[in-house]
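Q: I'd like to learn how to read a protein model, one feature at a time. Could you walk me through this one?

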Amino acid sequence: MADTPPFPDDLIETQQRLHQARAEYTALCRALPWSVEPLPGWPGTAHPHTGEVTGGRDASPGYTPEQEAEEKRLWDLVRELSVAVSTHPYWATLEKDAGLVKARLELKLHPKAQPDAASAAGGGAA
């Protein structure tokens, strides 16, 4: 980061919030049913030699209204924070070359921008 100007605090904080929102969104999606709408499952296929059944899927009950609302809320937050990071005025201060890509990656990996940085510093969000 020696040749990249220091990141503004608000940009680091927004990147941290983006990391956290993405982590929450990913965790939620892993816990949700595989289909938004209720759908039947299907049987797997038995291997002809071993008899092991692979594939197939249990029926999906679909999302509850609460799950659907939370998924939408988190996705909207991820999108909003992504736009805020990518359109921050800081980026206009850099050369429009590979240095911009390098700086963007440095921000993503910045220690203060990690999702647990605020809680580790004692400033966790409510």
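Q: Let's start with contacts. Which residues does H88 touch, not counting residues up to four places away in sequence?
A: This is a predicted model, and in it H88 touches P8, D10 and L11 once those sequence neighbours are left out. H88 itself sits in the loop between α2 (65-86) and α3 (98-109).

Q: Is H88 buried or exposed?
A: We compare its relative accessibility with a cut-off: buried means under 20%. H88 has 13%, so it counts as buried.

Q: What lies 2.9 Å from a polar atom of the side chain of H88?
A: That is the backbone nitrogen of Y90.

Q: How do I make sense of a nonpolar core?
A: The general idea is that in soluble globular proteins, nonpolar side chains tend to be buried together. Here the largest nonpolar core has 19 residues, and F7, L11, Y90, W91 and L107 touch the most other members. The helices α1 (9-31), α2 and α3 each supply at least two residues of this core. Helix α1 gives the most, with 6 residues.

Q: Which residues does L11 touch, again not counting those up to four places away in sequence?
A: L11 touches V85, H88, Y90, W91 and L107. So you meet H88 again here, seen from the other side of the contact with L11.

Q: Which residues of α1 are buried?
A: They are L11, I12, T14, Q15, Q16, L18, H19, A21, Y25 and L28.

Q: Why does the length of α1 agree with what a helix of 23 residues should span?
A: You count 1.5 Å a residue, using one less than the number of residues. For the 23 residues of α1 this gives an expected span of 33 Å, and the end C-alpha atoms are 33 Å apart, so the two agree.

Q: How do I read a pair of aromatic rings, and how many aromatic pairs does the structure hold?
A: A pair of aromatic rings is described by the distance of the centres and the angle of the planes. This structure holds 5 aromatic pairs. Take W34 and W42: their ring centres are 5.5 Å apart and their planes stand at 75°, so this pair is edge-to-face. There is also an aromatic cluster, formed by F7, Y90 and W91.

Q: How accessible are W34 and W42?
A: W34 has 34% relative accessibility, so it counts as partly exposed. W42 has 44%, and therefore counts as partly exposed too.

Q: What is R57 in contact with, leaving aside its neighbours within four places in sequence?
A: R57 is in contact with W34, G41 and W42, so you can find it beside the pair we just discussed if you look up W34 and W42. R57 is in the loop between β2 (53-54) and α2. Its relative accessibility is 39%, which means that it counts as partly exposed. Compare the sequence with space here: R57 and W34 are 23 residues apart in sequence, and 9.1 Å apart in space from C-alpha to C-alpha.

Q: Where are E52 and S35, and is each buried or exposed?
A: E52 is in the loop between β1 (45-46) and β2. With a relative accessible area of 52%, E52 is exposed. Leaving out residues up to four places away in sequence, E52 touches T45, A46 and H47. S35 lies in the loop between α1 and β1 and is buried, with a relative accessible area of 8%. With the same kind of neighbours left out, S35 touches S60, G62 and Y63.

Q: Can we step back now? How many helices and strands does the protein chain have?
A: It has 4 helices and 2 strands. From the N terminus on, the elements run α-β-β-α-α-α. Buried residues make up 26% of the 126 residues in the chain.

Q: And how do I read the confidence of the model?
A: Where pLDDT is low, the predicted coordinates should not be read in detail. In this chain the mean pLDDT is 89, and 90% of the residues reach 70 or more. Among the elements, α2 has the highest mean pLDDT (98), while helix α4 (residues 117-120) has the lowest (51). Over residues 120-126 the pLDDT is below 50, and beyond near neighbours in sequence this stretch has 3 contacts in the model.

Terms used:
Residues numbered from 1 in each chain as written. Predicted model: local features only at pLDDT ≥ 70, side-chain atom pairs only at ≥ 80, totals over all residues. Heavy atoms only, no water. Buried < 20%, exposed > 50% of the residue type's maximum accessible area, 1.4 Å probe, protein only. Polar contact = N/O pair within 3.5 Å; in protein donor to acceptor, adjacent residues only side chain to side chain. Contact = heavy atoms within 4.5 Å. Core = buried A, V, L, I, M, F, W, Y, C linked by side-chain atoms within 4.5 Å. pLDDT = per-residue confidence, 0-100. Phe/Tyr/Trp six-rings, centres within 6.5 Å; stacked < 30°, edge-to-face > 60°.
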